[in-house]
Amino acid sequence: MQPTYCEFNFCPYCGAKLEITLIDNKPRKTCPACPFIHWGEYSLGVGGVLLQGERGLLVQRAHNPGKGRWTIPGGYVDQNEKMEKAVVREVLEETGLITEPVSVLAVRDRPEDVPGMKHDIYIVFLLRLLGGELKFDPGEVMQAGFYSLEDCQKLENIAPLSLEMISKALQYTREGNLAPGFIRREGIKVVGALSELYTLP
Ligand SMILES: [Zn+2]
């Protein structure tokens, strides 16, 4: 489902009619009856790059948004889900392949510049294959497979970001950089049991 930006008129906590208040010189919708302030609406997506030799995994989307479009597998992160759990889950759902994250390759920031869409942040992971068998769910994807960079470039309807990510991942691998980008750090204290920290190695 396409994430649509919705204007709140009533407080989602207590139901009171929201008022406009200037906060830091910006008009914000605030609740007169409880502390709710509507700061904005955001969505968080993840995508996974999985290489098999000189080929990268792509899926062709069966539904809108982007029906027919070739992309790396991925989807939206649930409210209290770790983003790397989300990417592993989405890849499994869409392709039947069991993977684990290696590193964070890229972050795309897309503020609300597409009409009707929320401010969307998309994080791309490099993945490693653990097991499973390539079998896609026809309800979610029309086709899935590993494609060489040359074949990817020939696909008419490939997402430019997916093409770029596969290209970069192949380049890093050739250069012997097997965990490019940010990696998840163990043993560094961050607040909250689900919280994790990613840094350069
Ligand atoms: Zn309220």
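**Strand β4 and its pairing partners**

In the predicted model, Gly47 has Val124 of β9 as its bridge partner. This bridge belongs to the pairing of strand β4, residues 42-52, with strand β9, residues 119-132. The two strands run in the parallel sense, and nine bridges connect them.

Strand β4 also pairs with strand β7, which covers residues 74-76. Here the sense is antiparallel, and the pairing extends over three bridges. Within it, Gly45 is matched with Tyr76 of β7 as its bridge partner.

A further antiparallel pairing links β4 to strand β5, residues 55-61, through two bridges. In this pairing, Gln52 lies opposite Arg55 of β5. The two strands, β4 and β5, make up a hairpin in which two residues separate them. Gly53 is located in the turn and has a positive phi of about 60 degrees. Strand β4 is thus described by a parallel pairing with β9, an antiparallel pairing with β7 and a hairpin with β5.

These strands are part of a protein chain that contains three helices and 12 strands. The C-alpha trace of the chain spans about 60 × 40 × 30 Å along its principal axes. Of the 201 residues in the chain, 26% are buried. Among contacts with a separation of 6 or more in the protein chain, 62% involve residues that are 24 or more positions apart.

Conventions:
Residues are numbered from 1 along each chain as its sequence is written. This is a predicted model: local features need pLDDT of at least 70, side-chain atom pairs count only at pLDDT 80 or more; totals for chains, interfaces and linings use all residues. Helices (H or I, at least four residues) and strands (E, at least two) are DSSP runs, numbered from the N terminus. A residue is buried if 20 or more other C-beta atoms lie within 10 Å of its own, exposed if 12 or fewer, and partly exposed in between; C-beta atoms are placed from the backbone. Two residues are in contact if their C-beta atoms, placed from the backbone, lie within 7 Å. Two strands pair if DSSP finds at least two bridges between them.
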